[in-house]
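The exercises below ask you to read a structure step by step, and each task is followed by a worked solution. Please keep the sequence and the model at hand while you work through them.

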Amino acid sequence: MILETVVYGDVTLLDLLRILVILIITVAIAKGLTLNIKRCLRDKVDKYHIEVITKVVYYGIIVIAVLAVLPILGIKLSGLLVAGGIAGIVIGIASQSVVGNLIAGLFLMIERPMKIGQSVNIAGIAGVVEDIRVISTTLRTFDGLYVRMPNEKVFTTNITNYVEHAARRVEYIVGIRYSDDADKAIGIIRNLSEEHPLTLKSPTGDIFVDNLGDNAVNIVVRLWVPSTEWYSVKKELLWKIKRALEDEGIEIAFPQRTVWFANELQKQELDRSEVSESGSE
């Protein structure tokens with residue numbers, strides 16, 4: 001038969017046909033798998049990273065198939081495995097951190113704890129996410145610095161995302177004098193917050209006397225605003241609270257100390273000494 005014709009060594013035309021069929025089926029499986037991966041990650045990962053992942057999967061399957069058909073061609077894998085094993089150990093040691101960053105980068109793309117353009121804090125460094133690559137993540141700090149962080153560090157540390165939730169809380173502690181009316185102050189602050197267009201009704205804010213401090217009655221103000229507007233509202237509202245309280249005769253308290261003397265004589269002597277010292281100057 002023609003199919004049993006020997007091409008070279010022990011390889012026949014039938015062997016070549018089997019290899020061709022295996023490779024065609026492998027390509028079909030690889031394409032089907034990459035299409036499913038694209039569909040699954042379409043809403044979770046950006047286009048660039050989807051391309052990287054699908055190429056890795058596609059060519060990985062092709063390489064495995066090629067290795068599988070090599071014995072049919074009479075090529076023994078044992079020699080390749082020994083050489084590949086030694087090379088793999090050397091390359092693995094040399095590129096351990098690179099592989100770790102690569103794997104961490106893939107997990108970050110799948111988990112997506114942050115997105116490009118969001119404000120975050122990673123390992124104590126706060127800023128805006130500029131890019132998430134396969135190996136590293138870059139931030140632009142709020143004072144304009146460029147920070148590149150390896151993905152392995154990003155993936156294994158705490159990430160605080162300031163804008164992932166739609167609402168974020170603004171909190172102040174407003175200290176007023178003991179002689180002022182705390183209920184009136186709370187009413188003024190509440191009216192001010194309700195009139196502000198960016199304060200949210202849900203979640204509900206809270207304004208209350210938190211504690212009686214050494215120098216002031218401390219009122220805690222907790223309001224919810226859109227996360228993207230948190231900084232601007234925080235700056236604006238605090239100054240408005242101060243001015244509104246002062247317009248109603250309520251002053252912000254400041255640290256002070258009252259000194260009581262054991263007897264009036266010592267106080268008078270101290271007063272005279274202070275007057276004489278000021279006169280001599």
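**Exercise 1: one helix and its two sides**

At the start of H6, a side-chain oxygen of Asp181 comes to within 3.0 Å of the backbone nitrogen of Asp183. The model is a predicted one, and the task is to work out how H6 is placed, beginning with its length and then turning to its buried and exposed residues.

*Solution.* Step one concerns length: helix H6 covers residues 182–195, and at 1.5 Å a residue its 14 residues should span 20 Å, which agrees with the 20 Å that separates its end C-alpha atoms.

Step two is to list the residues of H6 that are buried, which are Ala182, Ala185, Ile186, Ile188, Ile189, Leu192 and Ser193. Seen down the axis of H6, these buried residues fall within an arc of 160°, and therefore they line one face of the helix. The general background is that an α-helix has 3.6 residues a turn, so residues three or four places apart point the same way.

Step three looks at the other side of H6, where Asp183, Glu194 and Glu195 are exposed.

Step four asks what the buried residues of H6 pack against, and the partners are strand S8 (167–176), strand S9 (206–212), strand S10 (217–226) and helix H7 (230–247).

**Exercise 2: the nonpolar cores**

Which residues touch the most other members of the largest nonpolar core, and which elements each supply at least two residues of this core?

*Solution.* The largest nonpolar core has 23 residues, and those that touch the most other members are Ile176, Ile219, Val221, Ile241 and Leu245. At least two residues of this core come from each of S8, H6, S10 and H7. A second core, separate from this one, has 10 residues, among them Ile122, Val129, Val147 and Met149.

To follow one member in detail, take Leu245, which touches Val174, Ile176, Ala185, Ile188, Ile189, Ile250 and Ile252 when residues up to four places away in sequence are not counted.

**Exercise 3: two threonines and an aspartate**

Decide for Thr34, Thr138 and Asp210 whether each is buried, partly exposed or exposed, and name the contacts that each makes.

*Solution.* Thr34 is found in helix H1, and because its relative accessible area is 10%, under the 20% cut-off, Thr34 is buried. Leaving aside neighbours within four places in sequence, Thr34 is in contact with Thr54, Val57 and Tyr58.

Thr138 lies in strand S5, residues 136–141, and with a relative accessible area of 2% Thr138 is buried as well. With neighbours within four places in sequence left aside, the contacts of Thr138 are Val128, Val129, Glu130, Asp131, Arg133, Tyr146, Val147 and Arg148.

Asp210 lies in strand S9, and because its relative accessibility is 41%, Asp210 counts as partly exposed. Not counting residues up to four places away in sequence, Asp210 touches Asn218, Ile219 and Val220, and a polar contact of 2.9 Å joins the side chains of Asp210 and Asn211. The C-alpha atom of Asp210 is separated by 9.8 Å from that of Val174, which is 36 residues apart from Asp210 along the chain.

**Exercise 4: the whole chain**

How many helices and strands does the chain have, and what percentage of its residues count as buried?

*Solution.* The chain has eight helices and 10 strands, and 29% of its 281 residues count as buried. Among contacts between residues at least 6 apart in sequence, 61% join residues at least 24 apart. Finally, the chain exposes about 18,700 Å², of which carbon and sulfur atoms supply 60%.

Terms used. Residues are numbered from 1 along each chain as its sequence is written. This is a predicted model: local features need pLDDT of at least 70, side-chain atom pairs count only at pLDDT 80 or more; totals for chains, interfaces and linings use all residues. Side-chain values use heavy atoms; hydrogens and water are left out. Helices (H or I, at least four residues) and strands (E, at least two) are DSSP runs, numbered from the N terminus. The expected span of a helix is 1.5 Å times one less than its number of residues. Buried means under 20% relative accessible area, exposed over 50%, partly exposed in between (1.4 Å probe, protein chains only). The arc is that of the directions from the helix axis to the C-beta atoms. Contact means heavy atoms within 4.5 Å. A polar contact is a pair of N or O atoms within 3.5 Å; within protein, one must be able to donate a hydrogen and the other to accept it, and residues adjacent in sequence count only if both atoms are side-chain atoms. A nonpolar core is a set of buried Ala, Val, Leu, Ile, Met, Phe, Trp, Tyr and Cys residues joined through side-chain atoms within 4.5 Å. Accessible areas come from the Shrake-Rupley method with a 1.4 Å probe; for residues, only the protein chains shown count as cover.
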